[in-house]
Amino acid sequence: MSLVETIRQWDEGVAAADKKDWPAALQLFSEIQEPNSKIYFNIGCLCLINGDLNATEKAFDNSICKDEHLAVAFFQRGITFYKKQKYEEALRDFQKTFHELRGNQLIDYKLLGLWYKLYACEVLHNVALAHAQLNEWEKAEENLLKALNLKTEAKHSHIDRALGSILKHKLFDLVELPMGELFRPNKHHVAQLEKKDYLGKAKVLASVVHQDAFSGFAPLQPQVQSVPPRPKTPEILRALEGEPHRVCYEFFPETAKELSLLPGNIVFVLQKGADNWATVIFNGKKGLVPYNYLEPVELTLRSKKEQETDQSEDIPKPPKDEPPERPAVLDTSTLNAKDIEESSAKEGEQEELKTCIIKVHFTYTVTIRVKRGLSYSDLLEQVCKKLQHHPRGITLRYKKNSTSEKVCLYESEMEIAWSQAEKGRLTLWCELTENKEKLPKEDLTQLVALHCYKATQPEDLEFQEGDIITLLSKVNEEWFEGQCKEKVGIFPAAFVEEYIK
């Protein structure tokens, strides 16, 4: 059952209870699928009215299972136990009700939909009655004295009478919930059940047809062919009062009666005082401004011809000077495709002769484009900028005359190196010489990985916890260079320790 259907049936059940049709109300509430604690409470109240105490007890049990802090449900179940002469169970429920009040004198259930106030003094009244049924007269008297201290209204005079009965060891009447008081659904939710016409009915506000009141769908109505022109005064000018003035200077208000104005604003002066202050209207607000900040201005209506004349006068005349000559454009229509290809090829060759692509082998490989003929210091600066490394401690090498031997590149070797660039390409090798202590090959140290390390840069060496790494060199105190699983790279020194066989 949907929430809408539940609220609708809930509302119908309450309406039947208001008419004191208890069987119909009980049937409507019983047909609700997956009822909440409030609906179970309503079912229990209706069963109590019909005198079915077993069904009443079951309904209030379900209500308490749905909401363990619903004090009024414990109160009603205590009344059910009392009527079934289960006084010990009734006493426990009345005491639980008083505990759920949490020190408050009352709980008003109006916001939850139940028009009833549960008073602490009335709960203690029923607690005392349960003690009296169990022949615990002293405890009954103690609870009634406590109830007298919590009594807040004159209608609770029955507590005084109950105390008199206890002193005489006599029983008194039970305080019960008024018959027919049920939890009602939220009125806003009930209002949403009604169908609403949000668009409403169409209404004719203006029509070219005399006394036209049709608001449905129909073909276009006949319209007047020609309407004689009739000048109309703008409504804004007819509604304005006072003399128009233009604001000359910016004015900052110092009191609530003054207005804030900017140069160029148009205000309407209603009254000018002898103290040089003027009462004006601006943007629908009325206030004071100094009159010497204003100057009179005339607002008139001009004909369309005058407006067009003024607009034409505002347009500046074209310049008398002759415009500069346009730059000459090469006419490619007379050139054939072969000439165009030859010219573009010559331009590409000239570009290649001016620049050179340098391939640099480091812990990873990079390429850069530089000007051909750069000096060693400029080339080193370009390479270090690409590698994001300081030039100090970097050595560049190249293969001289296509041999396998790598020769250090110095300023004196630059001319030879540039002459070896084939098709605008040159290969260099970059090595770190600073803070890099090479270890002898015959005494390589082996390390064991303490933690897993994932490579974040191309030059990093990735390994897993427990891997054996051969130490090749120490870059510095924090970074080592090593080999693991036929891969070479750098890694943090803190991630490894010396491997002891």
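In strand β15, T470 is the bridge partner of Q446. Q446 and T470 belong to a pairing of β14 (residues 445–449) with β15 (residues 468–474), which are joined in the antiparallel sense by four bridges. Two strands are said to pair here if DSSP finds at least two bridges between them. Helices and strands are themselves DSSP runs, numbered from the N terminus: a helix is H or I with at least four residues, a strand is E with at least two. On to the next strand: β15 also pairs with β16 (residues 479–484), again antiparallel and again over four bridges. There, K474 stands opposite F480 in β16. Together β15 and β16 make a hairpin, with four residues between them.

Before going further, a word on what you're looking at. This is a predicted model, in which local features need pLDDT of at least 70 and side-chain atom pairs count only at pLDDT 80 or more, while totals for chains, interfaces and linings use all residues. Residues are numbered from 1 along each chain as its sequence is written, and side-chain values use heavy atoms, leaving out hydrogens and water.

Now step back to the whole chain. The protein chain has 15 helices and 18 strands. Of its 501 residues, 34% count as buried; buried means under 20% relative accessible area, exposed means over 50%, and partly exposed is what falls in between, using a 1.4 Å probe and protein chains only. As for contacts (heavy atoms within 4.5 Å), take those between residues at least 6 apart in sequence: 51% of them join residues at least 24 apart.

Next, have a look at an open sheet of five strands, with the order β9-β8-β12-β10-β11 and mixed pairing. At its edges sit β9 (365–371) and β11 (406–408), each of which pairs on one side only. On average, neighbouring strands in this sheet are turned by 35° against each other, direction ignored. Angles here run from 0 to 180 degrees between N-to-C directions, and the axes are lines fitted to C-alpha atoms, for helices over the stretch in contact. A helix joins in too: α14 (residues 376–387) packs on the sheet, touching β8, β9, β10 (394–399) and β12 (425–432), and its direction makes about 140° with that of β9. If you follow β8 (residues 355–361), you'll find seven bridges joining it to β9, with the two running antiparallel. One of the pairs to look for is H361 with its bridge partner T365 in β9.

There's another open sheet of five strands, this one in the order β6-β5-β4-β3-β7 with antiparallel pairing. Its edge strands are β6 (285–290) and β7 (294–296), each pairing on one side only. Here the average turn between neighbouring strands is 45°, direction ignored. Strand β3 (residues 243–247) is joined to β7 by three bridges, and the two run antiparallel. Look for H245, which stands opposite P296 in β7.

Let's turn to some single residues in the helices. I7 is found in helix α1 (residues 3–18), and it counts as buried because its relative accessible area is 10%. Leaving aside neighbours within four places in sequence, I7 is in contact with P185, H189, V190 and L193. I7 and K187 are 180 residues apart in sequence, yet 10.0 Å apart in space, C-alpha to C-alpha.

N42 sits in helix α3 (residues 37–50). Is N42 buried or exposed? It counts as buried, because its relative accessibility is 0%. Not counting residues up to four places away in sequence, N42 touches W10, F29, L182 and F183. For a contrast, try K58 in helix α4 (residues 53–66): K58 counts as exposed, because its relative accessibility is 58%. The C-alpha atoms of K58 and G44, 14 residues apart along the chain, are separated by 7.7 Å.

Last stop: the second largest pocket, which holds about 330 Å³ of space. A pocket is found on a 1 Å grid over the protein atoms alone, as an open set of points where a 1.4 Å probe fits, with protein on both sides within 12 Å along at least five of seven lines; lining residues have an atom within 4 Å of a point. Of the 13 residues lining this pocket, K110, G113, P185, N186 and K187 are the closest to its centre.

Terms used
Points joined across faces, edges and corners; volume = space filled by probe spheres on them.
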